[in-house]
Amino acid sequence: MAFSRRGNEVMVVDNYLHRRLALKHKMPPLVALPELPERCQIWKSVSGYEISHAIGDIQDFEFLEGIVADFKPDTIIHYAQQRSAPFSMKGIEEARLTLMNNITTTFNLIWAVMRHAPKAHIIKLGTLGEYGTPNIDIEEGWIDIEHKGRKDRMLYPRQGGSLYHTTKIHDTDLLWFYVRTYGLTVTDIMQGPVYGVVTDETENHPDLLTAFDYDDIYGTVVNRFVVQAVAGIPLTVYGKGGQTRGFLNIRDTMQAIVLVAENRPKTGEMRILNQFTEQFNISEIADKVCKAALSLGIEAKVAHLENPRLELEEHYYKAAVNKLAELGLKPTMLTEKVLREMLEYVKEHQHKIDKTLIMPRVRWSHALQHA
Ligand code: USQ
């Protein structure tokens, strides 16, 4: 929608993976959304612009190849990923699905582009979690290393905290291999956890919103805390709550993709950008949500749960984030007003909250216990 309203010819390809998994594992979003063809119609009626679509799985190379050959895109935004860390740690079936889906979609896309649109700019959604939580500053994709008197510039070391994050590392590696070997043009955007409800395009159109997930597997931490506050459930801080991440508003995800598409890297370049607006630890997020809730008369509490994940709960964290600002990104901050708007949205749909979806069910150590 963001590209369409700028006058671009847009095509969306979807296999409903997110919806199918949500259905199978009984974790619906807060508000049910129409399927893609209906959403395209609604978009046409509100904007006048047409978005074409195809329903299918890009793990099927022939399906994808046909689309790239016909449409001949000059920019491709690759969102086709199983993107939940807890899902990828649930068991072997979920782990395999995540690994196969994420790597195969990237691999197929690379080949479809090489064959039919070699000049296309691939914009790949990466994740800050690829870098993990190292005890040194995190750079934007690359690091200059001096070793035994010699210097080189290499991919910044990566160490994911879940299998999902590890598949994103594989993606980066695959893309970098094909960029340096065949001269593809790629931007890998390393985003932190996203929060928020609306973008400029969806603000007044509830049927065009993205899924607002709050369960333990799909929901990300800020959105979960907002729902928990409204539902009167103590906010589920995992462990000590000193886990620090770089957060961003969903509005900025769109802003970034548009900026990146409009400012292509050099042909044959692998450009890597970090994206977040502010760093917080989880306890700070919980405090902010409690404060905003209180301003609406909701008294939220915080609970420190045993951490279902294996992650550092207190650590150094300092990530560079310059390149998107240089392209002109105007950051949206996590203000009390923004949190209040989220709380108000959730309050409107309070009756739809399923409280059984809140507590964490997936433990990183689960697979070991069942080995
Ligand atoms: N956390 C809690 N309580 C909760 C949920 C999460 O304390 O109820 C903690 C987690 O332990 C973790 C942090 O909050 O330390 C972030 O968890 P999250 O579920 O919000 O985000 P994460 O699993 O890391 O994954 C999300 C998206 C993923 C994206 C990633 C960016 O689902 O697609 O790639 O954020 S990043 O975290 O930078 O890797």
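Biologist: Which residues come nearest to the ligand, of the 23 around it?
Modeller: This is a predicted model. A residue is counted around the ligand if one of its heavy atoms lies within 4 Å of it. Of the 23 residues around the ligand, those that come nearest are Arg83, Thr127, Tyr164, Thr236 and Glu311.

Biologist: How far is an oxygen atom of the ligand from an N or O atom in the side chain of Thr127?
Modeller: Two other residues help set the scene. Gly129 places a backbone N or O atom 2.9 Å from a ligand oxygen, and Arg224 has a side-chain N or O atom 2.9 Å from a ligand oxygen. For the side chain of Thr127, the distance is 2.7 Å.

Biologist: How much of the ligand's accessible area does the protein cover?
Modeller: Start with the ligand on its own. Its accessible area is then 730 Å². Of this, the protein covers 95%.

Biologist: Which elements give two or more residues to the shell around the ligand?
Modeller: The shell residues divide into nine nonpolar, nine polar and five charged. Two helices and a strand qualify. They are helix 6, helix 7 (221-231) and strand 9 (235-238).

Biologist: Which strands stand at the edges of the open sheet?
Modeller: Four parallel strands form the sheet, in the order 3-4-7-11. An edge strand has a single partner, so one of its sides is left without a neighbour in the sheet. The edge strands are strand 3 (75-78) and strand 11 (270-275).

Biologist: In strand 11, which residue is the bridge partner of Thr187?
Modeller: Strand 7 covers residues 185-191. Six bridges join strand 7 to strand 11, and the two run parallel. In strand 11, Thr187 is partnered by Arg271.

Definitions and conventions:
Residues numbered from 1 in each chain as written. Predicted model: local features only at pLDDT ≥ 70, side-chain atom pairs only at ≥ 80, totals over all residues. Heavy atoms only, no water. Pairing = 2+ DSSP bridges. Polar contact = N/O pair within 3.5 Å; in protein donor to acceptor, adjacent residues only side chain to side chain. Areas by Shrake-Rupley, 256 points an atom, 1.4 Å probe, with all protein chains shown as cover. Nonpolar A, V, L, I, M, F, W, Y, C, P; charged D, E, K, R; others polar.
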